[in-house]
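Me: I should like to learn how to read a protein structure, one feature after another. May we work through an example together?

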Amino acid sequence: MSIVYLNGAFIAPEDAKISVMDRAFLFADGIYEVIPIYQGKLFRLTEHLRRLAYSLEHIRLASPHTDAQWEALFNALIQQNGGGNLSLYLQITRGCAPTRDHAFPKVPVEPTIFMMVNPMPTPYSTDLNREQGIKAICLSDIRWLRCDIKSVSLLPNALLRQQALDQGVDEAILIRDDLVTEGAASNIFIVANNALYTPPRSPFILGGITRDLVIELAQAHQLTCVEKSLTQAELMAADEVWMTSSTKEIAPITQVDGKPIGNGKVGAVWRKVAGWYNAYKQTLLNP
Ligand SMILES: Cc1ncc(COP(=O)(O)O)c(C=O)c1O
């Protein structure tokens, strides 16, 4: 049975209860992080802690812990759950005020801190010889203008992902003013003429930790990678399209809106970069 963390206690999930007055329940007033864990080890922890601090700062909530305290808490939860390959979910909310009021509580309240771990799905890069990628559709980006904050307000993302699933595909690629922003729960890369392209950081996208690592790996291996706005036409004309996220790593997308991307098969550049990603992961496991 898994063990979760709530406000200082390591407990069974069914014992983890929060008040209906919690501001995340009433206003989605909270942020979250998802950190991948390989063989019990936290992956890209520094980068995840940096983004956590960014999200907290931008919703004007003081971090309840130092980085060292967070790391100790994460490791304690991993240990309680026996290690292995996991994804760690952390949520911090503005806590419970006595009345429902849009304004922040006048008398400071304790934030709510919740953590759980889930088994990591098998990443696509475990089979570099695969021929088939995943399918996606393009949908209008109906989200707010601060997608750079990892907010728990995910109703638009959930509606978009469900619309994709209802149409028999795996992910929604979001379009704002004819430009690709990101996936419903991922960042997007394209390959054209053997170079990588991904939309630049902006309030319209989440600064993905996996995205940044792909850019870093490309630079380290002298593969051209350009951060620039991409039109829907450029996406459709690409040789390859990928989505990246902490739990999916780098996933090749071989069909968008029912049309093949490139030759409709997983591409050579994905194989190369996914291989670099696998090798990078090994440096965590065998430092
Ligand atoms: C909207 C959105 N964009 C991008 C990402 C990818 O971010 P990361 O690579 O840090 O997991 C996610 C991850 O869940 C996401 O929800």
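The dialogue below takes up a sheet, two helix features and the surroundings of a ligand.

Reply: Please note at the outset that this is a predicted model.

Me: Let us begin with the sheet. In what order do the strands of the open sheet of 6 strands lie?

Reply: One reads a sheet by following its strands from one side to the other. Here the order is β2-β1-β6-β5-β3-β4, and the pairing is antiparallel.

Me: Which strands stand at the edges?

Reply: They are β2 (9-11) and β4 (41-42). Each has a single partner strand, so one side of each lacks a neighbour in the sheet.

Me: How many bridges join β5 to β6?

Reply: Strand β5 (residues 86-93) is joined to β6 by 8 bridges, and the two run antiparallel. Within this pair, Leu-86 stands opposite Pro-119 of β6. Strand β6 (residues 112-119) also pairs with strand β1 (residues 4-6), over 2 bridges and again in the antiparallel sense. There, Tyr-5 has Met-115 in β6 as its bridge partner.

Me: Next, the helices. What span should helix α4 have?

Reply: The expected span follows from a rise of 1.5 Å a residue. Helix α4 (residues 155-166) has 12 residues and should therefore span 16 Å; its end C-alpha atoms are 16 Å apart, in agreement with this. After α4 comes Gly-168, with a positive phi near 80 degrees.

Me: At what angle do α5 and α7 pack?

Reply: The angle between α5 and helix α7 (residues 268-285) is about 100 degrees, and their axes lie 10 Å apart. Angles of 65 to 115 degrees count as roughly perpendicular, and α5 and α7 are therefore described in that way.

Me: Which residues make this contact?

Reply: From α5 come Val-214, Leu-217 and Ala-218, and from α7 come Val-273, Trp-276, Tyr-277 and Tyr-280. By class, the contact has 7 nonpolar residues, no polar and no charged ones. A general idea helps in reading such a list: an α-helix has 3.6 residues a turn, so residues three or four places apart point the same way.

Me: Finally, the ligand. Which residues come nearest to the ligand?

Reply: Of the 14 residues around the ligand, the nearest are Leu-206, Gly-208, Ile-209, Thr-210 and Ser-246.

Me: Which element gives the most to the shell around the ligand?

Reply: That element is α5, with 3 residues. Both α5 (209-220) and β13 (240-245) supply at least two residues of the shell. Sorted by class, the shell has 4 nonpolar, 8 polar and 2 charged residues.

Key: Residues numbered from 1 in each chain as written. Predicted model: local features only at pLDDT ≥ 70, side-chain atom pairs only at ≥ 80, totals over all residues. Pairing = 2+ DSSP bridges. Helix = DSSP H or I, 4+ residues; strand = E, 2+ residues; numbered from the N terminus. Near = placed C-beta within 6 Å. Nonpolar A, V, L, I, M, F, W, Y, C, P; charged D, E, K, R; others polar. Expected span 1.5 Å × (residues − 1). Axes fitted to C-alpha atoms, helices over the stretch in contact; angles between N-to-C directions. Parallel < 35°, antiparallel > 145°, perpendicular 65-115°, else oblique. Contact = placed C-beta atoms within 7 Å.
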